[in-house]
Amino acid sequence: MASVRDLKKDIDYLVSLVVVDNFQYINAFENADKEAAFKIVDEIMTKRKDLISRVNHPDGKDNPKLIKKHYQSIGKDLLIVCDEAYAELAKLIEKED
């Protein structure tokens, strides 16, 4: 299992990729829907805060199996959150084409 520190770095890295891509979308298109892009950024930052909080407060501190399952669920949730954000961004980009 990866360390808690690495999990936090993964969360920050993937969320930062989504944020940067949203800002690139805003800069790349003249008629970009800035409000929708900022909404995506706001949502992912809120979810980032929730994920970091979950990392800092694991369930079942005495049971290693529960802790491992807890951190695995955080990793899966991170990927789902980022995938949903990219799906929303893709819809915005399709409108521009």
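In this predicted model, the side chains of glutamate 84 and lysine 47 pair up in a salt bridge, with 3.7 Å from N to O. Glutamate 84 sits in helix 3 and lysine 47 in helix 2, so the pair ties together parts that are 37 residues apart in sequence. The cut-off for such a pair is an N to O distance within 4 Å. Neither partner is buried: glutamate 84 is partly exposed, at 39% relative accessible area, and lysine 47 is partly exposed too, at 32%.

By this rule the count comes to three salt bridges. Another joins arginine 54 to aspartate 77, this time at 2.7 Å from N to O. Here arginine 54 belongs to helix 2 and aspartate 77 to helix 3, so the link spans 23 residues in sequence. Arginine 54 has a relative accessible area of 22%, which makes it partly exposed, and aspartate 77 falls in that class as well with 26%. The remaining bridge is between aspartate 12 and arginine 48, with an N to O distance of 2.7 Å. Aspartate 12 is in helix 1 and arginine 48 in helix 2, so this pair connects parts 36 residues apart in sequence. Once again the side chains belong to partly exposed residues, with 33% relative accessibility for aspartate 12 and 26% for arginine 48.

Now for the helices that these pairs connect. Two packed helices are described by the angle between their axes and the distance between the axes. For helix 2 and helix 3, the axes come within 10 Å and cross at roughly 180 degrees. That angle makes helix 2 roughly antiparallel to helix 3. Sorted by class, the residues in this contact are 14 nonpolar, two polar and six charged.

Helix 1 and helix 2 have axes that come within 9 Å, crossing at roughly 175 degrees. Because angles over 145 degrees count as roughly antiparallel, helix 1 and helix 2 get that label. On the helix 1 side, the contact includes Val4, Leu7, Lys8, Ile11 and Asp12, and on the helix 2 side it includes Ile44, Met45, Arg48, Leu51 and Ile52. Both members of the aspartate 12 to arginine 48 salt bridge are therefore part of this contact. Its residues break down into 18 nonpolar, two polar and four charged.

The pairing of helix 1 with helix 3 goes the other way round: the axes come within 10 Å but cross at roughly 5 degrees. Helix 1 is thus roughly parallel to helix 3. Helix 1 brings Leu14, Leu17, Val18, Asp21 and Tyr25, among others, while helix 3 supplies residues including Leu78, Leu79, Cys82, Tyr86 and Glu96. By class this contact has 18 nonpolar, one polar and three charged residues.

As for the helices one at a time, helix 1 runs over residues 4-28, and its 25 residues should span 36 Å at 1.5 Å a residue; the end C-alpha atoms are 36 Å apart, so expectation and model agree. The buried residues of helix 1 are Leu7, Ile11, Val15, Val18, Val19, Asn22, Tyr25 and Ile26. Their cover includes helix 2 (34-56) and helix 3 (64-96).

Helix 3 has 33 residues and stretches 49 Å from its first C-alpha to its last, close to the 48 Å expected at 1.5 Å a residue. Its buried residues are Ile67, His70, Tyr71, Ile74, Leu78, Val81, Cys82, Ala85, Leu89 and Leu92. These pack against helix 1 and helix 2.

One buried residue of helix 1 deserves a separate word, namely asparagine 22. Asparagine 22 has a relative accessible area of 0%, so it counts as buried. Setting aside neighbours within four places in sequence, asparagine 22 is in contact with Ala37, Ile40, Val41 and Leu89. Of these, Ala37, Ile40 and Val41 are among the helix 2 residues that meet helix 1, and Leu89 is among the helix 3 residues that do so. Asparagine 22 itself is listed in the contact with helix 2 and also in the contact with helix 3.

Notes. Residues are numbered from 1 along each chain as its sequence is written. This is a predicted model: local features need pLDDT of at least 70, side-chain atom pairs count only at pLDDT 80 or more; totals for chains, interfaces and linings use all residues. Side-chain values use heavy atoms; hydrogens and water are left out. Helices (H or I, at least four residues) and strands (E, at least two) are DSSP runs, numbered from the N terminus. The expected span of a helix is 1.5 Å times one less than its number of residues. Buried means under 20% relative accessible area, exposed over 50%, partly exposed in between (1.4 Å probe, protein chains only). Contact means heavy atoms within 4.5 Å. Axes are lines fitted to C-alpha atoms, for helices over the stretch in contact, and angles run from 0 to 180 degrees between N-to-C directions. Angles under 35 degrees count as roughly parallel, over 145 as roughly antiparallel, 65 to 115 as roughly perpendicular and the rest as oblique. Ala, Val, Leu, Ile, Met, Phe, Trp, Tyr, Cys and Pro count as nonpolar, Asp, Glu, Lys and Arg as charged, and the others, Gly among them, as polar.
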